[in-house]
Amino acid sequence: MIVRPFLLLLLAVVLAAPRVAAEPGVTDTEIVVGGSNSFSGPLAYTGEQITKFGVDLYFKVVNDAGGIHGRKVRAVYYDDGYRPQDAVANTKKLVEQDNVFAIIIPQGSPPVVATLEYLEQQKVPMLFPYQSSPVTRGRRYVFQGMTLSDRSSRMMIDYLAGTRKFKKFAALYQDDEYGKSFLAAFEKDLARYGLKLTATESVKRGVTDVSAQIAKLHAARPEVTFLVLVPGPAAHALRERQRIGWTDTLMVSTGPLTDEKYLALATDAANGVEGLSLWPDPMTSDLKGVQLYRAYMLKYFPKNEPNRYSLAGYFAGMLFTEAAMRAGRNLTRDSLVTALESIKGFETGILPPLTIGPDHETQKQGFWVRVEKGRFTPLTDWLKSE
Amino acid sequence: MRAAALAGGAVVVLGWPWAVPRYFVFLASLIAINAIVAIGLNLLTGYTNQLSFGHAGFLAIGAYAAALLTIQAPLVPLPLTLLAAGLVTAAVGLALGVPCLRLEGLYLAMATLAFGFVVVEAILNLDWLTRGNDGLRVPAARLGPWPLATDTSRYYLVVTVAALLIVAARNITSSRTGRALLALRESEIAAQASGVNLAAYKTLAFVVSAFYTGVAGGLFALVVGFLSPDSFDVFLSVDFVAMIIVGGLGSILGSVMGAAVITTLNDSLAGFQSYRPLIFGAILVASMLFMPGGIASALHRAQPRQGDRA
């Protein structure tokens, strides 16, 4: 009696299984990519923007223009809510059930790291993970998305210690891979100038009250205080500094932090704060690529305001399309990797001309901004991280 | 009749990896792991009426214990690692169970809920050992000469352990201990009057339940390959409770079915987790209203009347 439902289930499963194509995810008419991302949990807004309003926005543009060598491109997403075990299950499902060609823009270090080994084993490309820790470096099938922390650090220290001649640095950092990888890179780059961090304070993830840490850092009297945090606690740090009247330090945000949400949360406490920006201003930049992005957003998702998360996803869609175009009609995972490695001086109209090469890094530069009247005002041109 | 059902079930379980696409092998492993937890939870809730919303915490302890043992002492044979994961968790279960003797119903649920949060905080703050928020990668284990590198090999390990624990649970429930636990559920006063030691049996239920969940945690670490405190949130504990309510309180077969239903449902809802609480809530309410004994008793009732039934 109990056996029959099981057998029926078994039969249903076998019949429902899709036929395996020559190259997974590529048919005569379609290319399917996918990703596990946060659509619930702490990074839900970011996740939704980078995928459904970012990658998919660019894919809509491409498909309306005839697709990639006659194939439409489509993305499948599953929600992991920032939980690594769900990311593992989702990724297995994408690769083994949905037969995706590649994984695109998964978010957050723990979920990304949890799937790294498996994807490399299966030889499935992991494209442009949205996280900044260098743990993803040095793999054949992984291409970095966000500027990695050591490159960010080099630009920040060269600018602050080199160009601006600051001498006394402190850092308030999130106590995880994101924060610690930045801290290590700061120490290394400061050492080149014969300097070191004079004070560091850590914040556990999920904590929003950082007043104790701000008081301790205040006592150390640094000229520059790095904020290696996420928007919530970072905004609290700025408001707390305002409350205790600590004015003689320059607060500096890292690349992943310099975003509109952080500004909106900190309101007037953010005035005069500086930071490294990894993207041109999505709302106001007159760069050709960013104007086009805004125009497409208005056309396809008129209710969604432009922001740097959807811009990052849009950019990921653009890079994938460029590589798949270069790989030609005979698209395979290996030919995609070769095509990505061959990209040189590619004009995106959003970031400086892009060269990927054997280091597999797609974003290597940022520029310096200062918050004035609630917006990021550029202070420099693109900085170098080589 | 019963032998045929068992034989059929065994054929399905053993033949599963060869008949279905690869992903369903992984999914079946998860179902088996959740089934072990559900049986453990059912021994506590279904048999002694102690509700726990902290089983994600026990699962985390078992998972981290097994992972850390695999990393620090790779030479320890896998069965011992799993056993150790179960024993460590059982010890924690004992430590939690004794003070919880004073609590009942809602208060017990709250205490166990808090326990789940405490475990997650402990993992975060022991980051020199657990790598905190960054998560812990679990190296592939070996069973004697065989590396457990594929989903299929891990599946066979998981179902073997699950089968052993199911047999053990059947033996516990049909023994003197099981009857004592049931007596406690029905009426604590009556049970005590008949000579059942309330404190000892309630604590025993906690310890056994924690042991089952700890072993499941060890298997979870192996199958998923990556642990992080984010994995063991309160929603996972709620999922476990949902499994035994949907499956059937006080039924081992029901625990397995509840685990299968909830795990499969979770998997098919992977695209829209925002609706999960809504759908799960509806299922819970519906099964309490229309199927108070869970799937197990619904099946039982649907069966044709015969002398001896499974």
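1. **The contact between chains A and B.** In this predicted model, chain A puts 35 residues into the contact and chain B puts in 29 residues. On the side of chain A that touches chain B, four elements give two or more residues each: α1 (3-16), β2 (72-79), α3 (84-96) and α4 (109-122) of chain A. The largest share comes from α3(A), with eight residues. By class, this side of chain A has 19 nonpolar, six polar and ten charged residues.

2. **Two domains in chain A.** The domain assignment splits chain A into two domains. Domain 1 covers 21-147 + 286-355. Domain 2 covers 149-277 + 367-378. Each is therefore written as two stretches of the chain, following the domain assignment, whose bounds are automatic or come from a database. The C-alpha centres of the two domains of chain A are 30 Å apart.

3. **Where the domains touch.** How many residues of domain 1 of chain A are in contact with domain 2 of chain A? Nine residues of domain 1 are, and they meet eleven residues of domain 2. The domain 1 side of this contact divides into three nonpolar, five polar and one charged.

4. **The sheet in chain A.** Seven strands of chain A form an open sheet. Read across, the order is β7-β6-β8-β9-β10-β11-β12. The pairing is mixed. Which strands are the edge strands? They are β7 (197-203) and β12 (375-378) of chain A, and each pairs on one side only. On average, neighbouring strands of this sheet are turned by 30° against each other, direction ignored.

5. **One strand pair in detail.** Look at β6 (residues 169-174) of chain A beside β7(A). The two strands pair in the parallel sense, over six bridges. One residue pair to find on screen is A:F169 with its bridge partner in β7(A), A:L197.

6. **Helices across the sheet.** Helix α5 (residues 149-163) of chain A lies across β8 (224-228), β9 (250-253), β10 (274-277) and β11 (367-372) of chain A. α5(A) runs at about 140° to β10(A). Helix α8(A) lies across β6, β7, β8 and β9 of chain A. α8(A) runs at about 175° to β9(A).

7. **A helix pair in chain A.** Two packed helices are described by the angle between their axes and the distance between the axes. For α7 (residues 211-220) and α8 (residues 231-244) of chain A, the angle is about 55° and the axes are 10 Å apart. That angle makes α7(A) oblique to α8(A). The crossing of α7(A) past α8(A) is right-handed. From α7(A), the contact uses A:S211, A:I214 and A:H218. From α8(A), the contact uses A:A237, A:E240, A:R241 and A:I244. By class, there are three nonpolar, two polar and two charged residues in this contact.

8. **A helix pair in chain B.** Now turn to α2 (residues 22-48) and α10 (residues 198-224) of chain B. These helices pack at an angle of about 170°, with axes 9 Å apart. Are α2(B) and α10(B) roughly parallel or roughly antiparallel? They are roughly antiparallel, because angles over 145 degrees count that way. The contact residues of α2(B) include B:L30, B:I33, B:V37 and B:L44. Those of α10(B) include B:F206, B:Y212, B:L219 and B:F220. The contact of α2(B) with α10(B) divides into 18 nonpolar, five polar and one charged. The one charged residue goes with 18 nonpolar ones here.

Methods:
Residues numbered from 1 in each chain as written. Chains lettered and ligands numbered in written order. Predicted model: local features only at pLDDT ≥ 70, side-chain atom pairs only at ≥ 80, totals over all residues. Contact = placed C-beta atoms within 7 Å. Nonpolar A, V, L, I, M, F, W, Y, C, P; charged D, E, K, R; others polar. Axes fitted to C-alpha atoms, helices over the stretch in contact; angles between N-to-C directions. Parallel < 35°, antiparallel > 145°, perpendicular 65-115°, else oblique. Left-handed = near helix turned anticlockwise from the far one by under 90°. Pairing = 2+ DSSP bridges.
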